[in-house]
Amino acid sequence: MKIEADKQYVFREGQPFQSSHGSTVAVLSTGVVIVAWFAGLHEKSSDTAIWMAVQEQGGSWSAPRKVADEEGVPHWNPVLYAQGSSLVLFYKVGHEITHWHTRFIRSEDGGQTWTAARELVSGDVGGRGPVRNHPVQLASGTILAPASIERLDPEMPGKQVWEAFVDISMDEGRTWTKSASVPMNLSVYVGAGHWFAKGLIQPALWSASDAEHVHMLLRSTEGWIYRSDSADGGRTWCEAYPTELPNNNSGIDVTRMESGLLALVYNPVSGYSTESPRTPLVVAFSNDNGETWGHEWVLEDEPGEYSYPSIVSQGQSLYITYTWKRDRVAFWKLNVQLSE
């Protein structure tokens, strides 16, 4: 495998916000790259909004501009999803994660203009639709959105249970049906040390060549990335099981390239707590549908926080963004050439 790489920052200084996090990247059929993230005084602050930038011809980036903002309400976790020349932006709003609502807006001109914000699922409390990573479209045309909720545990006051599922749309995203939750054996879960949660969130999806077999990797409170598989198009899932991949309860993302190669971006750090260092950040590859992983490409390995990655692919190229020290958004384009 040969990799050619180019790193940029979506913006450097002079931005009208103090903290940036939770980026998402999409590539249109025209090759235009679009990045969105949430930014404000700090995560959860009431001035936090969704911002966006476009990579222009020559590789430079447009100035950040605000594309979603409801005054006085924190915004979280944008997710871009390209459907040909159309672009959908999902995001969360709410003061507490347990009471999130999901909004979406749509653009038909590469993100220059957007529709008014709409609620994804009427009456939603807790978050429907993609929670952090991109939806995938199966060969059947069905769209699966990787979802999760963080709910209070009625049996343990002050504690949370994290649960993952997918939202399923068979009409190009107009309506959504919630799948069964991913089964977990919480009785053997350690949880995030002294922390307040136990379970699995923020799944990342991929599918093979047929329309029924779908797979997910999940962020866990257990010190490892977990996996679950579906044989019925995402409607039901097997009990989640640990992989060989260490992860300290931090964000992950995965994409399946046209060649069938899987690319996973994550922090390969042992531990249970979000207080563990979120460095290094690497891309790992699998040529056996995620059974084994290897050939890591290091994106960052210096002290600091490099987290919440987003990854998509087009042809031989990978497009990656992530939080760079909560100060800015880093962007990489990797051209991956497989050995003959």
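# An all-strand predicted model

Four strands of the protein make up an open sheet, arranged in the order E2-E3-E4-E5 with antiparallel pairing. Its edges are formed by strand E2 (19-27) and strand E5 (65-68), each of which pairs on one side only. On average, neighbouring strands of this sheet are turned by 35° against each other, direction ignored. Within the sheet, strand E3 (residues 33-40) and strand E4 (residues 49-55) run antiparallel and are joined by seven bridges. One residue of this pairing is Val33, whose bridge partner in E4 is Gln55.

The model described here is predicted.

## The protein as a whole

The protein contains zero helices and 24 strands. Its radius of gyration is 18 Å, which agrees with the value near 20 Å that a compact globule of 340 residues would have. Taken along the principal axes, the box filled by the C-alpha atoms is roughly 55 × 55 × 45 Å. Of the 340 residues, 60% count as buried. The accessible surface comes to about 13,800 Å², and carbon and sulfur atoms account for 49% of this surface. Where contacts link residues at least 6 apart in sequence, 48% of these contacts join residues at least 24 apart.

## Strand E11 and its partners

Strand E11 (residues 143-152) is largely enclosed by the rest of the structure, because eight of its ten residues are buried. Strand E10 (residues 136-137) runs antiparallel to E11 and is joined to it by two bridges. Here Val136 stands opposite Leu144 in E11. The two strands E10 and E11 form a hairpin with five residues between them, and Gly141 in the turn has a positive phi of about 100°. E11 also runs antiparallel to strand E12 (residues 160-169), with ten bridges joining the two. In this pairing, Ala145 stands opposite Asp167 in E12.

## The surroundings of Glu300

Which residues are in contact with Glu300, leaving aside its neighbours within four places in sequence? They are Lys7, Thr279, Pro280, Leu281, Tyr306, Tyr322 and Trp324. Glu300 itself lies in strand E21 (residues 294-300). Its relative accessibility is 7%, and since buried means under 20%, Glu300 counts as buried. The side chains of Glu300 and Tyr322 are joined by a polar contact of 2.6 Å.

Two of the contacting residues, Thr279 and Pro280, are linked by a cis peptide bond with omega near 5°. Pro280 is placed in the loop between strand E19 (262-266) and strand E20 (281-286).

## Positive phi outside glycine

Tyr308 and Lys325 are residues other than glycine with a positive phi. The table sets out their backbone angles, places and accessibilities.

| Residue | Phi | Place | Relative accessibility |
|---|---|---|---|
| Tyr308 | near 50° | strand E22 (residues 306-314) | 8%, buried |
| Lys325 | about 60° | loop between strand E23 (317-324) and strand E24 (328-337) | 41%, partly exposed |

Tyr308 thus belongs to a strand, whereas Lys325 belongs to a loop. Tyr308 is buried at a relative accessible area of 8%, while Lys325 counts as partly exposed at 41% relative accessibility.

Definitions and conventions:
Residues are numbered from 1 along each chain as its sequence is written. This is a predicted model: local features need pLDDT of at least 70, side-chain atom pairs count only at pLDDT 80 or more; totals for chains, interfaces and linings use all residues. Side-chain values use heavy atoms; hydrogens and water are left out. Two strands pair if DSSP finds at least two bridges between them. Axes are lines fitted to C-alpha atoms, for helices over the stretch in contact, and angles run from 0 to 180 degrees between N-to-C directions. The radius of gyration is taken over C-alpha atoms; the globule rule is 2.2 Å times the number of residues to the power 0.38. Buried means under 20% relative accessible area, exposed over 50%, partly exposed in between (1.4 Å probe, protein chains only). Contact means heavy atoms within 4.5 Å. Accessible areas come from the Shrake-Rupley method with a 1.4 Å probe; for residues, only the protein chains shown count as cover. A polar contact is a pair of N or O atoms within 3.5 Å; within protein, one must be able to donate a hydrogen and the other to accept it, and residues adjacent in sequence count only if both atoms are side-chain atoms.
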